[in-house]
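Thank you all for making time this morning. I would like to walk you through one model at an unhurried pace, so please keep the picture in view while I talk.

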Amino acid sequence: MTEPVISLRGVRAELGSRPVLRGIDLSVHRGEVVALLGANGSGKSTAVRSIIGQVPVSAGEIELFGTPRRRFRDWGRVGYVPQRTTAAGGVPATVTEVVSSGRLSRTRFGVFRKDDHAAVRRALELVGMADRARDSVDALSGGQHQRVLIARALAAGPELLIMDEPMAGVDLASQEILADTLAEQVDRGATVLLVLHELGPLEPLIDRAVVLRDGCVLHDGPPPEAVGQHALPGHDHVHPHAPAGAEPIRTGLLS
Amino acid sequence: MEILNYAFMQRALLAAVLVGITAPAVGIYLVQRRQALMGDGIGHVAMTGVGLGFLLSWSPVWMATLVSVLGAVLMELIRWYGRTRGDIALAMLFYGGMAGGVMFINLAPGGSNANLTSYLFGSLSTVSESDVTAICLLAAFVMLVTLGLRRQLFAVSQDEEFARVTGLPVRALNLLTAVTAAVTVTVAMRVVGLLLVSALMVVPVAAAQQLSRSFAATFAIAVAIGVTVTIGGTVTSYYQDVPPGATIVLLTIAAFVVLTGLAAPLARRRARALAAAQPAGDPAECVIPAARKAGDEVSV
């Protein structure tokens, strides 16, 4: 095993007086793609936000690239995609302006050089938004907005990508572009930690899944097989885009 | 230009231009982080500083700067630590600041609320030589911060959480914004007055937004509007004998109304340009196919 890029040991966190994380152990190794799964309120977003220092931790240790998080300063190695918020800033901003923020960690005192501008352009090309570079972010759809936030995280050329529900509210076309972008990053050797509601189109990329329930790790291993209704033998997969009249794929027993 | 022959008008115009630049330059970050009324709050707190200046016979401008910087830092601390009761605490700070000002000025020997009026509503023609020096120094600080740190301040105001992950010192930058806003309030105090300061920080930005799609353009247009209305208001007040502060604010609002009127046709033209740029086979309008396709069939 290579050195862990992210390492959580016995991490506890409370929101108000309610425990949200009750002793989480989690490590993500170099080059791995790990999905953090769980129902709403299971603590998966809190776990990710504790890693980036957005949620105070009451016990346990967090390390990034082998450095305790409190002493970690090399933020250019980390690309973060927050859960998409509907509230944009109060002043219009172009796609380029927003993505440029992601490059700040690689600049000295925020002064942009030639290669910084080039990195911003490249990040926009990676998510297929280069043609919208000068448009206001307010004019974008949900999926396009998400692509901009991912470009912002990629602008610093990070080794580790942390994404909180990158597929939430994203149209099908954007989902495919996002999956392709992520696959490219993984090929390049990036390490990825994703918070997901369901595996969805990213499933083939994922090496390992960590399932949380009520702030505890329930499963840590290969991505879980579908459970519930979907896993029952005889569950018919009716593809909504299949040509009309096509027979549903029948798997057996119930039909 | 006989107006420029008077030393007091030269000082007034210089002060007005500096305020026209600095107020929107700070205001844009406050608007971006949705704290548009913060300038108003600081204005109230600065009144205590003016009162203290009179009471201790120190320069009211420097005393107001000191007190409003302290007030702004306090507001920022309340925002961090007391989110739930934040608005109540802010309200107390506002009105405490105003009451403190009235109290101190009446305690000052020979002081009365009349002394306060020139600070509340501005008094350009009484701007002294030392006021101009103070205003120049403070304006230089504000411009250094708002232009020099524009990328950092933009990132923090746009998305605080993300800014933290890029390693930016978010708290320090927030404090710096608050301090810069406080300094701007005292710069603008002699020109538009403490009660109208916030208008010059917010309205030019709101007006500029009607035309712009980018932050950089909003910044430039807002500053251009700021300078135009402060010069326009000062000159008007010289010829028409109307209060400059009120004239400037009314002109700013007029600019907002005019630009909003211009914005609607502009937006329509942009939409048409965008529709023209649509690739063929991706029609902008809904097209109902003549014959139904297989995908339209709904079978249960």
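Let me begin with a small piece of chain A, in what is a predicted model. Strands E9(A) and E10(A) make a hairpin with two residues between them, and in that turn A:Asp214 has a positive phi of about 50 degrees. If you follow the two arms of the hairpin, you will see that E9(A), residues 208–213, and E10(A), residues 216–221, pair in the antiparallel sense, and that five bridges hold this pairing. One of the pairs to look for is A:Arg213, whose bridge partner in E10(A) is A:Cys216.

Where does this hairpin belong in the wider sheet? The sheet of chain A is open and has six strands, in the order E6-E7-E8-E3-E9-E10, with mixed pairing. At its edges stand E6, residues 78–81, and E10 of chain A, each of which has a single partner strand, so one side of each is left without a neighbour in the sheet. Between neighbouring strands the turn is 15 degrees on average, with direction ignored. As a general reminder, strands of a sheet pair through backbone hydrogen bonds, and they may do so in a parallel or an antiparallel way.

Now let us move to E8(A), residues 191–195, and ask how many of its residues are buried. Five of the five are, so this strand is largely enclosed by the rest of the structure. The side chains are divided between two directions, with A:Thr191, A:Leu193 and A:Val195 pointing one way from E8(A) and A:Val192 and A:Leu194 the other way, and all are buried.

Which strands does E8(A) pair with? One is E3(A), residues 33–37, which runs parallel to E8(A) and is joined to it by four bridges, and here A:Val33 has A:Val192 as its bridge partner. Another is E7(A), residues 160–164, which pairs with E8(A) in the parallel sense over five bridges. Along that pairing, A:Leu161 stands opposite A:Val192, while A:Met163 stands opposite A:Leu194. To get from E7(A) to E8(A), the chain passes through helix H5(A), residues 172–187, and this β-α-β crossover is right-handed. A further helix, H4(A), residues 142–154, lies across E6 and E7 of chain A and runs at about 165 degrees to E6(A).

Stepping back to chain A as a whole, we find five helices and 10 strands, and 41% of its 255 residues count as buried. Among the contacts in chain A with a separation of 6 or more, 66% are between residues 24 or more positions apart.

A word of care about confidence belongs here. The mean pLDDT of chain A is 82, with 85% of its residues reaching 70 or more, but over residues 250–255 of chain A the value stays under 50, and for that stretch the model has 13 contacts beyond four places in sequence. Where pLDDT is low, the predicted coordinates should not be read in detail.

Finally, let us turn to the contact between the chains, to which chain B gives 29 residues and chain A gives 27. On the side of chain B that touches chain A, helices H1, H7, H8, H10 and H11 of chain B each supply at least two residues, and H7(B) gives the most, with six. The residues on that side of chain B divide into 11 nonpolar, 11 polar and seven charged.

Conventions
Residues numbered from 1 in each chain as written. Chains lettered and ligands numbered in written order. Predicted model: local features only at pLDDT ≥ 70, side-chain atom pairs only at ≥ 80, totals over all residues. Contact = placed C-beta atoms within 7 Å. Nonpolar A, V, L, I, M, F, W, Y, C, P; charged D, E, K, R; others polar. pLDDT = per-residue confidence, 0-100. Pairing = 2+ DSSP bridges. Buried ≥ 20, exposed ≤ 12 C-beta atoms within 10 Å, placed from the backbone. Right-handed = clockwise from strand over helix to strand, strands pointing away. Axes fitted to C-alpha atoms, helices over the stretch in contact; angles between N-to-C directions.
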